[in-house]
Amino acid sequence: MACPAGCCAQVRELLQEISKSPKRGRRKKKSPPPDIEYPSPPPPMTPSFTSPPPPPPPRPPALPSLPPPPPPNLFAVLDKPSPPPFVTPPPNPPRPPSPPRTGIPASDPDAFSFLYGRKGEYWSPRGRLLDYSFAGYGAGAELPVVPMDVNVMHFGAAGNGVVDDTAAFMAAIEAATSGAIYIPRGKYKISRQLVIQRSGIVLRGDGPDMTTLFFANSFTDLFGQTWSGGRNWDGEDNIAVQRSESYLQGGSSVVQDGVQDPPPDETLITRIILDTASPHVLTATSQAEHLVIKMYKMYITRSQMPPHSLVSTVKMPAQIYLPGGASVVEDEVQDPISDDTLITRIIRPESYLPGGSSVVQNGVKDPISDKTLITRVIRDAGKGDNMIFVDDVDRLRVGQRVTLVISDSYGSLVNDLNGGAESDQFCSACINAQRVLRFHSRITALDIFTGLLVMDRPLPYNIKTFWSPEIHSFNPGITDCGIEDMSIEFKWSAYENHLQDEGWNGIEFAGAADCWANNLRISNSDNAVIIWMSSFITVSNVWIGTTRKRAYYECHHAFNISYAQDVAVTDFWKRAYYECHHAFNVSYAQDVAVTDFWVDVRCHHDIAVYAWDVGVVFAQGGGMDLNLDHHRLVPYGTLFTAIMVGTSEPTRPFFSGGIREWGENQIGSTFWNLYAGPQGSVPFPELPADTFGTQCNFIGFHWFVDFSRGARKGWYREDVVTLRSQFITPANLYESMKSTRRERFQRSLAGYAT
């Protein structure tokens, strides 16, 4: 067998070496050749300061409380530093998974409404449909991307769900000037109310699955319950964007609506007066937000008052809330307000405020007052007009945003909004209500000779001179604030009952404009999102639910028949449990857009519109058994479009609350492509009640009902059921109106284009 190449030569060399070695005995160690030097053995492994040069110093350990700041473009970073250790609290029993959101099915392009057409070709500014394209942030604009300003981790936040991070958040909010406060991934325990007092501040997390703000204390825990009628924390929220003239954090000194007792060395001139004659009396209940975005109030001592200021006496029986929970009745209340003083007016008889002419609710001063008045309208104008005549244009300029305000005169305003339709309940609270309907627009042209003012959008209702129409400066308390990309979770508790809320409340926009809440998950709340006396607000991509069921029992009795004879109960359906008070509550607001939402719980009022709202939009959302509550006091022209009101047969889509003195539930709401069940397969059960209100539009419904009684209410109906689809084009009226705004205005308003 042949050897491999080179193998034989190696064998011969090996044999020669063996032959030269000794035959027997111990083999001697062969010494190395003289030209090869081997290194000495390594030194023993003992501590020595004379060892060879040490290796490079190790990287210093990272400080959990002071991580390096993230780069400006947060969303482009994929390799972020690891968060601090996260301690998971004991898990709650899991809640059954929520049904999947399917979104509205495709509509039939051949099925359209004669109120709008496919792309707005039939729409008229004087028609039944308002123009909703201005609803939301920036009058229908896209949400901004705000650069980062500060990082809560730089102020000592741990983000592990155990350490209280309240102080770090308060320090970060105080240090922020304008921009986003970055909240990296983690769970942040918040035990107190946080307050933001400047415009332009945004709270930004890493997403609902990454960043969680955990609120461990309810408002009952923080401030106690002093309301004589039970616990009621409506309107008070853990995160709020609020125009508050006087709210300061505190304990026992925090009184109604975020108004704190002044320091001991000062004398507070004004008081909050609760009008006992009002149908909406709030008796000694503290209302506040865990995170409030607000304005400062200036306290003035009597020694600081100008000598020419007037101190008048207002005689009215009133219930006065005093620090510590005491309430007294006084007949004389001094009002230090005059045109010459520079203090903020809280008692404002000339302005309509929630609960009566003298009530300031939720710590929000009415943005409309005599000081914001610019000029008055001197001629009547009709719905759909974009031109009005004023008596003075000296303080107006092109591009300025203004507010057109009208008041009621002996009930004629509500009658005109009803458009001649029959009303079944009279609104006694609306009679002579002052400065109630408000409409915001920008000035596109002015004529200094005739007083002509041209607006960038058509009027949503008629204007009569005997309604005292006025032009005011657009005066929001705070602007350009946002809350985005996080979860807001409250410590789990069982839900008590209606008006017995503990105060687990999520977000409030109060006295704000051009603000937003986006990409949020809110769990275990009593009232998730409240929008109060605000305008141009966008709430989008919000999920509202619970970590586990909050209702241990559904009700005490479904039917209780005692000492009775010959009773028959037929055709009933029992489903009475509730897990929250409100999912969304929009009151005294204009041009608000709530889009892409899902309500995975059953609240007393899932979606509530109330009290002189104008042009509010709910679009592309739904819930497992949604309730569209129109809570009376003339919410006007609300739009519900592309809404899934139930995963199965809806039980209460139009059920609405409120008291009789506030009149009927609404005027002029539009319901466009509402549906139930997968692909809209479940028909609607019935029409709303007769007291639901007038001038409603029901477009694209799948129901089989007798609509004859809707004629006297001025209701309009267009049902389209085709073989291809059960929905009218466009599927989402709000989005279509935004995309067709210019073309519609050019067609409808002669010579006017946006």
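Begin by selecting Arg-401 and Phe-536: in this predicted model, Arg-401 lies over the face of Phe-536, at 4.4 Å from the ring centre. For a second arrangement of this kind, select Arg-548 and Trp-492. The charged end of Arg-548 sits 3.6 Å from the centre of the Trp-492 ring, over that ring.

**Strand pairing around strand 21**

Display strand 18, residues 401-406, together with strand 21. These two strands pair in the antiparallel sense, over four bridges. Within the pairing, Thr-403 stands opposite His-472 of strand 21. Next, add strand 16, residues 373-376, which runs antiparallel to strand 21 (residues 470-473) and is joined to it by three bridges. Here the residue to pick is Thr-375, whose bridge partner in strand 21 is Ile-471. When inspecting the side chains, bear in mind that in a regular strand they alternate between the two faces of the sheet.

**Two polar contacts**

Move to Asn-151, in strand 2 (residues 148-151). Asn-151 counts as buried because its relative accessibility is 2%. Its side chain reaches the backbone nitrogen of Met-153 at 2.9 Å.

Then select Ser-191, in the loop between strand 5 (186-190) and strand 6 (194-196). With 13% relative accessibility, Ser-191 also counts as buried. The side chains of Ser-191 and Asp-164 are joined by a polar contact of 2.5 Å.

**The nonpolar cores**

Select Val-539, Phe-584, Phe-618 and Phe-671, the residues with the most contacts inside the largest nonpolar core, which has 75 residues. Strand 25, residues 512-523, gives the most to this core, namely five residues. A second, separate core has 64 residues, among them Val-390, Cys-430, Phe-536 and Ala-593. Phe-536 is the ring beneath Arg-401 from the opening view.

Return to Phe-618 and show its surroundings. Beyond its neighbours within four places in sequence, Phe-618 is in contact with residues including Phe-584, Val-586, Phe-597, Ile-607, Phe-640 and Ile-643.

**Aromatic pairs**

The count of aromatic pairs comes to 32. Select Tyr-588 and Tyr-610: the ring centres are 5.9 Å apart and the planes stand at 90 degrees, so the pair is edge-to-face. Tyr-588 is in the loop between strand 28 (580-587) and strand 29 (593-599), whereas Tyr-610 is in strand 30 (residues 603-610), 22 residues apart along the chain. Tyr-588 is buried, with a relative accessible area of 7%, and Tyr-610 counts as buried at 8% relative accessibility.

Now compare Phe-654 and Phe-701, whose ring centres are 6.5 Å apart with planes at 20 degrees, so this pair is stacked. Phe-654 lies in the loop between strand 33 and strand 34, and Phe-701 in the loop between strand 37 (697-699) and strand 38 (716-718); the pair therefore ties together parts that are 47 residues apart in sequence. Phe-654 and Phe-701 are both buried. Ring pairs also link these two residues into a cluster that includes Phe-584, Phe-618, Phe-671, Phe-692 and Trp-715.

**Last stop: Val-645**

Finally, select Val-645, in the loop between strand 33 (639-644) and strand 34 (666-667). Val-645 counts as buried because its relative accessibility is 0%. Leaving aside neighbours within four places in sequence, the contacts of Val-645 include Gly-623, Met-624, Asp-625, Pro-650, Tyr-675 and Phe-684. To close the tour, set a distance between the C-alpha atoms of Val-645 and Gly-680: they are separated by 9.8 Å, at 35 residues apart along the chain.

Key. Residues are numbered from 1 along each chain as its sequence is written. This is a predicted model: local features need pLDDT of at least 70, side-chain atom pairs count only at pLDDT 80 or more; totals for chains, interfaces and linings use all residues. Side-chain values use heavy atoms; hydrogens and water are left out. Buried means under 20% relative accessible area, exposed over 50%, partly exposed in between (1.4 Å probe, protein chains only). Contact means heavy atoms within 4.5 Å. A nonpolar core is a set of buried Ala, Val, Leu, Ile, Met, Phe, Trp, Tyr and Cys residues joined through side-chain atoms within 4.5 Å. A polar contact is a pair of N or O atoms within 3.5 Å; within protein, one must be able to donate a hydrogen and the other to accept it, and residues adjacent in sequence count only if both atoms are side-chain atoms. Two strands pair if DSSP finds at least two bridges between them. Rings of Phe, Tyr and Trp (its six-membered ring) pair if their centres lie within 6.5 Å; planes under 30 degrees apart count as stacked, over 60 as edge-to-face and the rest as tilted. A charge sits over a ring if NZ of Lys or CZ of Arg is within 6 Å of the ring centre and within 35 degrees of the ring normal.
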